[in-house]
Amino acid sequence: MPSPTSAAEKLLLQMVDDYTEREISPEDMPMDAAGDFPAGFIQKLTDTGFLGLMLPQEFGGAGFGPEVTAAALNHIARGNASTAVTLEGHFKTIDQILKFGTPALQQELLPSANDRIFAFSMTEASGGSNPMGIGSTATREGDHWVLNGDKIMITNGGLAQVYCVLVKTAPHELSVFVVDQDMPGFSFGKREDFIGLRGTPVGEIVMDHIIVDNDHLLGKVGDGGRIGDSAHDDARILMGAVLTGIMEHDLKIATDYAKERKAGDQPLTALQVTHRKVADIAMRKETTKLLFEKAAQLKANGQPYSEEAAMAKAYGSRVAVAAGDDTLQILAGYGYSREYPVEHLIRDARAMEIAEGTVEKMRSAIATAEFNK
Ligand SMILES: Cc1cc2nc3c(=O)[nH]c(=O)nc-3n(C[C@H](O)[C@H](O)[C@H](O)COP(=O)(O)OP(=O)(O)OC[C@H]3O[C@@H](n4cnc5c(N)ncnc54)[C@H](O)[C@@H]3O)c2cc1C
């Protein structure tokens, strides 16, 4: 397990728990109802240092590794999955700039990741599952590139200030560039009205003749597919952590309620039907936890983690929806009411069967990895 080993790691997770209980959890239901986060919320996260949690210390961050980063998002998601997913989108983008950015680009951008949010943009209206189907382009003009295109459904779209964008540099060649919202030609489009994770802004960005230097290219021309896959891998570990947090939240609601609620003259805890539901929620939660922790550990050790990351998200998203459904059934009429958080935990979990690659695509990836063994 990636249990914190150093005093700094333990302190971090304690601080995350305290802050989540005090500032983040109370906003969970209001954020879901409003479809937004309250004014000043992101500034408070920034001031607390959360944006720089996994950013190396040379760029002014706290420099925590993959295991503790995933654990921190897991703890936040116990109280508010939307906030954890906003951080997931930010961290996976930083990771790609660390892996594929030139030292000059890293120096230019990464110190600002302590107080500016980053996002990774691949999906377009033509379909998210097929990167080769995108229409965005980067065209070489002298020693610059000119970017055009339209990205939709981007986590933190409209909130983030820095975007990695997947574009075509030739008809069958994908590349990734980094653009800043301050660049001429950059604008925001529609914000999605999604049914879950409603405190995470997800929106459109438009690139209309944005001119960038060559050092805003990540990796080499043609590395876009590889970088996109890498972003997915990193994101999926963190989503496994978020899904575990959602199931921990379910479990707490289900057990607290079952201890209080009477069925006739005995509590719900005396019923075998309740045992079965609570045991299933606990087993799903624990299995997803083991999967994301294993993927994070492999990543920390410099070993391949793509398949395990896909399992954490694919398995975790499916069972988190089922765990929410069992929790709802224990609370019955109250579970079905918007006054209680259970129904929105199902909607939140459901997003992760789609975001960062659909469950169907991940099953293909997992099966392919098994065939190749
Ligand atoms: C909450 C949320 C956050 C998101 N954040 C981001 C983000 O930060 N950045 C970003 O770029 N995108 C983001 N997305 C978009 C997401 O990545 C896409 O929705 C996803 O990749 C699927 O694309 P699509 O919706 O166009 O569906 P399609 O690609 O049109 O797929 C339709 C259906 O066909 C299936 N399908 C398609 N192709 C295959 C295949 N080859 N094998 C098996 N099944 C297939 C899919 O599984 C799906 O069931 C986000 C989406 C959500 C819901």
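## Overall size and build

With 373 residues, a compact globule would have a radius of gyration near 21 Å, and the chain agrees with that because its own value is 21 Å. Please keep in mind, as you look around, that this is a predicted model. Along the principal axes, the C-alpha atoms occupy a box of roughly 80 × 45 × 40 Å.

As for secondary structure, you will find 11 helices and 10 strands in the chain. Contacts also tell us something about how the chain folds back on itself: taking those with a separation of 6 or more, 75% join residues that are 24 or more positions apart.

## Inside and outside

Let us turn to burial and surface. Buried residues make up 54% of the 373 in the chain. The exposed area is about 15800 Å², and 54% of that area is supplied by carbon and sulfur atoms.

The chain carries 35 positive and 52 negative charges. If you average the positions of each kind, the two mean positions lie 6 Å apart.

## The annotated N-terminal domain

An unreviewed UniProt entry annotates residues 8–112 as "domain: Acyl-CoA dehydrogenase/oxidase N-terminal". In the model, this stretch is 68% helix and 0% strand. The C-alpha atoms at its two ends are 23 Å apart.

## A closer look at Lys92

Lys92 sits in helix H5, which runs over residues 81–100. Is Lys92 buried or exposed? Lys92 counts as buried because its relative accessible area is 6%, and the cut-off for buried is under 20%.

Which residues does Lys92 meet, once neighbours within four places in sequence are left aside? Lys92 is in contact with Phe120, Ala231, Asp234, Ala235 and Glu356. For a sense of distance, Val68 is 24 residues from Lys92 in sequence, and their C-alpha atoms are 14 Å apart in space.

## A closer look at Lys285

Another lysine to find is Lys285, which belongs to helix H8, residues 272–300. Lys285 has a relative accessibility of 13%, so Lys285 is counted as buried.

Not counting residues up to four places away in sequence, Lys285 touches Thr244, Met247, Glu248 and Leu251. To place Lys285 within the chain, you can compare its position with that of Pro56: the two are 229 residues apart along the chain, and 30 Å separates their C-alpha atoms.

Technical notes:
Residues numbered from 1 in each chain as written. Predicted model: local features only at pLDDT ≥ 70, side-chain atom pairs only at ≥ 80, totals over all residues. Heavy atoms only, no water. Helix = DSSP H or I, 4+ residues; strand = E, 2+ residues; numbered from the N terminus. Rg over C-alpha atoms; globule rule 2.2 N^0.38 Å. Buried < 20%, exposed > 50% of the residue type's maximum accessible area, 1.4 Å probe, protein only. Contact = heavy atoms within 4.5 Å. Areas by Shrake-Rupley, 256 points an atom, 1.4 Å probe, with all protein chains shown as cover. Lys, Arg positive; Asp, Glu negative; His and termini not counted. Charge placed at Lys NZ, Arg CZ, Asp CG, Glu CD. UniProt positions renumbered as here; feature names shortened; annotations may be inferred.
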